Amino acid sequence: MSAQYEALATKARAMYGRRLRRAELARIARLGSVQEVLAELCQQPAWAQAAQALAGEPLVTRARLEDALRGQVRQEGLRLASFLPQKDWPLMDFPVRRAELERILAALRRLHARLYRETEELPRAYVSRAGVDLEKLRQCTDFNGLVDATQGSIFHDALNRLRAGETLPDYGITEALLWSVYYRYTLQLVARRYAGDTRRLLEQSVGSQVDMLNIMNILRMKQYFPEEDDFLPVLLPNHYKVRPEQIRAMCSAPTAQAVMEMVEATPYASAFRGAAPEELQNRYGAVLYQLSRRQLRMGKPSVYTAVAYLNLRELELRAVVSAVETVKYQQDLNPALLEFLDD
């Protein structure tokens with residue numbers, strides 16, 4: 001076993017040891033203001049780096065705090081990548097590809113709404129490894145400019161097919177298409193570069209995400225657009241343990257309840273059983289949490305150790321962001337988010 005992977009696992013586990021716990025998140029969600037949340041996070045080892053960087057600012061908004069927390073996770077990913085051999089670098093660029101995807105979608109939302117919102121600054125290492133021209137994307141004023149900004153990225157060909165004069169493409173269809181490109185690229189990368197247990201674990205992680213996203217999208221369509229019969233735009237063209245014929249049968253099912261009955265015949269039955277449409281995203285996160293936590297704590301060190309760590313931190317970030325929003329809007333914290341944290 002490579003000493004680099006042993007060092008990576010030691011580093012990742014030490015970093016994860018500073019994570020936020022369920023009781024701490026629940027307490028944060030009961031605070032009275034975003035400023036109080038910031039002060040609390042300054043005392044929490046898991047998020048002190050981001051929070052302390054904002055401590056000197058007179059009034060920190062919810063969006064500003066969320067951007068800083070997200071930036072910390074990105075920096076942690078870069079630190080872990082420095083422990084990996086060069087052959088793993090293309091795979092460990094997956095946060096860069098996701099950041100590109102998120103910024104493309106943000107630009108498309110801006111074009112649809114004609115409303116500009118500044119996005120948080122990416123680490124210099126992200127910018128240097130991006131295939132998208134991020135500055136050109138930020139400044140684009142139409143869809144042609146958006147597509148031109150993606151020249152050289154994995155997303156360009158798919159976006160180029162959506163050009164249709166002055167008309168902006170449907171946001172939902174574009175989002176599904178970009179995620180399809182992202183997952184297809186990742187699975188192809190895994191197939192080309194890895195073998196044995198490492199390939200199996202990576203395919204399990206990515207493949208399970210694809211399967212569950214497809215089930216979630218079908219359930220949402222059946223619930224909110226029952227008259228729609230074209231599911232192709234929202235389905236990812238890959239599968240892992242849900243066979244294509246099962247997907248086709250779900251698409252043909254008359255109701256969401258009928259889809260849920262078919263899900264019982266898949267390995268994801270327990271994850272979806274009894275879930276309301278608004279709970280699907282958290283059910284998906286809970287499965288990813290269990291898989292990633294098991295790998296980080298007990299799995300054989302490999303590049304997947306870094307992937308598992310970042311999965312866990314993204315889920316923790318989602319829970320913290322939700323807690324910030326809970327405080328901002330004086331709501332109750334969704335208890336399902338506590339499942340992304342340890343006791």
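**Aromatic contacts and the packing of helices α7 and α12**

In the predicted model, the side chain of arginine 313 lies over the face of tryptophan 47, at 4.0 Å from the ring centre.

Aromatic rings also meet one another, and the structure holds three aromatic pairs. In one of these, the rings of tryptophan 179 and tyrosine 182 have centres 5.5 Å apart and planes at 90°, and because planes over 60 degrees apart count as edge-to-face, the pair is assigned to that class. Both tryptophan 179 and tyrosine 182 belong to helix α12, which spans residues 171-193, and they are separated by three residues, about one turn of the helix. Each of the two, tryptophan 179 as well as tyrosine 182, is buried. Ring pairs further join Trp179 and Tyr182 with Tyr183, so that the three form a cluster.

Helix α12 also packs against helix α7, which comprises residues 94-113, the two axes coming within 11 Å and crossing at roughly 170°. Since an angle over 145 degrees counts as roughly antiparallel, α7 and α12 are therefore roughly antiparallel to each other. On the side of α7, the contact is made by Phe94, Arg97, Arg98, Leu101, Ile104, Leu105, Leu108, Arg109 and His112, whereas α12 contributes Tyr171, Thr174, Glu175, Leu178, Trp179, Tyr182 and Tyr185. Classified by residue type, this contact of α7 with α12 comprises ten nonpolar, two polar and four charged residues. Trp179 and Tyr182 thus appear both among the residues that contact α7 and in the cluster of linked rings.

Technical notes:
Residues are numbered from 1 along each chain as its sequence is written. This is a predicted model: local features need pLDDT of at least 70, side-chain atom pairs count only at pLDDT 80 or more; totals for chains, interfaces and linings use all residues. Side-chain values use heavy atoms; hydrogens and water are left out. Rings of Phe, Tyr and Trp (its six-membered ring) pair if their centres lie within 6.5 Å; planes under 30 degrees apart count as stacked, over 60 as edge-to-face and the rest as tilted. Helices (H or I, at least four residues) and strands (E, at least two) are DSSP runs, numbered from the N terminus. Buried means under 20% relative accessible area, exposed over 50%, partly exposed in between (1.4 Å probe, protein chains only). A charge sits over a ring if NZ of Lys or CZ of Arg is within 6 Å of the ring centre and within 35 degrees of the ring normal. Axes are lines fitted to C-alpha atoms, for helices over the stretch in contact, and angles run from 0 to 180 degrees between N-to-C directions. Angles under 35 degrees count as roughly parallel, over 145 as roughly antiparallel, 65 to 115 as roughly perpendicular and the rest as oblique. Contact means heavy atoms within 4.5 Å. Ala, Val, Leu, Ile, Met, Phe, Trp, Tyr, Cys and Pro count as nonpolar, Asp, Glu, Lys and Arg as charged, and the others, Gly among them, as polar.
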